[in-house]
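Open the model in your viewer and keep the sequence panel beside it. We will go stop by stop, selecting as we go.

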Amino acid sequence: MAAVTNQLIRFEGATLKNFLSVKDSVSLFKTPLNFQILPNEKWAILGPEKSTLLKAIASKYIAEPPLSRTYPFLHQTQWPSEVIQFLEFKGVLPTAHLAARYEFFKDEFDQTTRNFVLGHSMNNLHSKPIDYELVERVFEQLQLSGLEDRWALGLSNGQSRRARLAKALIKEPKLLVVDDPFLGLDPEASELVSGVLKDLPPHPHVVLGLRYQDEIPKWITHLAFVDKTGIINQGTCEELSSVLEQVRDRAHHWNNNNTNTASKTQRQSVEKIIQTFKPPHPDATGNLTPLLQFKNVSVSYRGAPVITDLSWEVQHGSKWHVQGNNGAGKSTLLSLITADHPQSWNSSIEMYGEPRRTGKHSFFGINESIGFSSPELHSIFPNSRTFYETVATGFIVGSFITPTDLTNVEKQRIQTYLESFGITAEQAQTPFRELSISDQKLALFIRAIIKNPDLLILDEALSVMEQARIEQCKEILKGFPGAVLAIGHIEQEVPQCDHFIKLIRPGEYIIGDK
Ligand SMILES: Nc1ncnc2c1ncn2[C@@H]1O[C@H](COP(=O)(O)OP(=O)(O)OP(=O)(O)O)[C@@H](O)[C@H]1O
């Protein structure tokens, strides 16, 4: 490799190891890494192992031999780990439990968005005092102005992602590594974040992690594709454009390409599971009461309305795309249904034709017939559960404890789903923390559907998955007889729906057919 002194980062025959892992002798990639980034280049890393390479770029893991990974652009007195910010978005800000976002006694425990962003910046990376001008600029650029005094945990998914980026930027890193920068962002917010990352001055340099199906920002100059073997392709966007097309095509035509995925017989077994679904019973007059009804429902936070006079009916088996920009109130709406929201105990909300009432209905009773997956759930799910255990927790409402008394039918049902997704026995026993983010989401998806719920809530449930996994989940949902409410900003990541509800602003909703 040519000796260029101002390289940003250089891997030369580097073998990476995770010294924290029990398998500490195993290298993370099968082949050594040879890779360099120059300061005028803007790289995006793609592929199933993108997060591993991004972490390696961000100075995580051990590189062997010791000088096989270097940061020539850094002053020798600076430790890479102190001047590099690695940002990954595993969902909203982690909380102790799901309902925490919506609780009212939060002030004494929580912090404002401003304090969250400033964090421990007094001890910032260069031990410099906070640059308040930079803070103001970053708040403005990321359109966080107006949210400074709001409770950080109450921020919507998209708002909290922008707040985390702000937090990283005001630490004035020299290198900013961002995995999945656009996930969960509405198209406007994606453009905003892309613009901010593009216009960052040479310091910090930026490296992005993207999925094959993502649109590559025009300002990205180079790409690297990574899988378990290591870097399989690297070069300029132009050089790799046809390879990228081929990869995208392969994923897109997953249904015609059965390698490494479910066989026809396995898919048939899943169909059999779904056929065990109990159909809804019509009343004495032959009418079917809607599964869910909202009758002029309103929600506000400290007087600020989020949902106003919403009336909406969800019929058994109907499939809905819940749409709206970041902060429009989609998660609030769904938390009303799952009774995670304090204002869920509201007689204007009816399920199976019965108005919600405290005393008559309980959180557990309500959720008996609901399955769900969301960014909130993803961020608090216990890391030590294996893939299999994660799915098994779906049989018990509101619990992350693995049931010890699964029936044979339940065990068989889990097995069938795992086989249908091509999950090997070894993967099934892998702890959640060691699964790729795509497979973590898959485990949560199967957990949501495992008990054949009457209502399946998929809040960005397919969003971080690899394309082939998304297609597999969509395929299963096509035959799913329960009702589905799906949130997703990218159409490709939303299952096939017949209806949509679009939240525009409080009091303004569009409800229609797709
Ligand atoms: N506990 C709370 N206190 C104050 N405001 C809140 C609280 N929870 C949510 N909000 C605000 O209500 C609005 C709606 O939030 P919600 O999470 O429902 O939006 P969303 O449509 O799901 O957004 P996203 O697409 O970003 O996930 C946001 O402005 C959010 O900041």
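On this tour, Ala, Val, Leu, Ile, Met, Phe, Trp, Tyr, Cys and Pro count as nonpolar; Asp, Glu, Lys and Arg count as charged; the others, Gly among them, count as polar. Keep in mind that this is a predicted model.

**Stop 1: the ligand**

Select the ligand and its surroundings. How many residues surround the ligand? There are 19, and the closest are Gly154, Ser156, Asn157, Gly158 and Asn326. Colour this shell by residue type. You should find six nonpolar, 11 polar and two charged residues. Now show the helices. Helix α5 (157–169) and helix α9 (330–337) each supply at least two residues of the shell.

**Stop 2: the two domains**

Zoom out and colour by domain. The protein chain is divided into domain 1 (9–252) and domain 2 (264–278 + 289–513). Their C-alpha centres lie 28 Å apart. Why does the ligand lie between them? Both domains give residues to the shell around the ligand, so the ligand lies between domain 1 and domain 2.

Next, select residues 9–259 and 292–506. An unreviewed UniProt entry annotates these two stretches as "domain: ABC transporter". Keep residues 292–506 selected. Over this stretch the chain is 31% helix and 24% strand. The C-alpha atoms at its two ends are 20 Å apart.

**Stop 3: the whole chain**

Switch to cartoon view. The protein chain has 16 helices and 20 strands. Of its 514 residues, 41% count as buried. Take the contacts in the chain with a separation of 6 or more: 74% of them join residues 24 or more positions apart.

**Stop 4: the nonpolar core**

Which residues have the most contacts inside the largest nonpolar core? They are Ile45, Ala166, Val177, Ile457 and Ala486, in a core of 120 residues. Helix α15 (residues 437–449) gives the largest share of this core, eight residues. The core draws at least three residues from each of domain 1 and domain 2.

Click on alanine 486. Skip residues up to four places away in sequence. Alanine 486 then touches Trp320, His321, Val322, Leu458, Val494, Pro495 and Cys497.

**Stop 5: helix α1**

Select residues 50–57. This is helix α1, and it is mostly covered: six of its eight residues are buried. Those are Lys50, Thr52, Leu53, Leu54, Ala56 and Ile57. What do the buried residues of α1 pack against? Show strands β1 (9–17), β3 (43–46), β6 (84–88), β7 (175–179), β8 (205–209) and β9 (222–227) to see the answer.

**Stop 6: alanine 14**

Stay with strand β1 and pick alanine 14, which lies in it. Buried or exposed? Alanine 14 has 24 C-beta neighbours inside 10 Å. A residue needs 20 or more to be buried, so alanine 14 counts as buried. Leaving aside neighbours within four places in sequence, alanine 14 is in contact with Pro32, Leu33, Ala63, Ser68 and Arg69. Draw a distance to alanine 63. The two are 49 residues apart in sequence, but 5.8 Å apart in space, C-alpha to C-alpha.

**Stop 7: unusual backbone angles**

Most residues other than glycine have a negative phi, and most peptide bonds are trans. Here are some exceptions to look up.

- Serine 59, just after α1, takes a positive phi of about 70°.
- Proline 65 sits in the loop between β4 (62–64) and β5 (69–70). The peptide bond from glutamate 64 to proline 65 is cis, with omega near -5°.
- Aspartate 180 has a positive phi of about 55°. It lies in the loop between β7 and α6 (187–198). Aspartate 180 is buried, with 23 other C-beta atoms within 10 Å.
- Arginine 302 has a positive phi near 45°. It is found in the loop between β11 (292–301) and β12 (304–314). With 8 C-beta neighbours inside 10 Å, arginine 302 counts as exposed.

**Stop 8: serine 344**

Finish in the loop between α9 and β14 (349–351), where you will find serine 344. Serine 344 counts as buried, with 21 C-beta neighbours inside 10 Å. Beyond its neighbours within four places in sequence, serine 344 is in contact with Leu336, Ala339, Ile349 and Arg356. Last, draw a distance to valine 299. Serine 344 and valine 299 are 45 residues apart in sequence and 9.5 Å apart in space, C-alpha to C-alpha.

Notes:
Residues numbered from 1 in each chain as written. Predicted model: local features only at pLDDT ≥ 70, side-chain atom pairs only at ≥ 80, totals over all residues. Buried ≥ 20, exposed ≤ 12 C-beta atoms within 10 Å, placed from the backbone. Helix = DSSP H or I, 4+ residues; strand = E, 2+ residues; numbered from the N terminus. Contact = placed C-beta atoms within 7 Å. UniProt positions renumbered as here; feature names shortened; annotations may be inferred. Near = placed C-beta within 6 Å. Domains from an automatic or database assignment. Core = buried A, V, L, I, M, F, W, Y, C linked by C-beta atoms within 7 Å.
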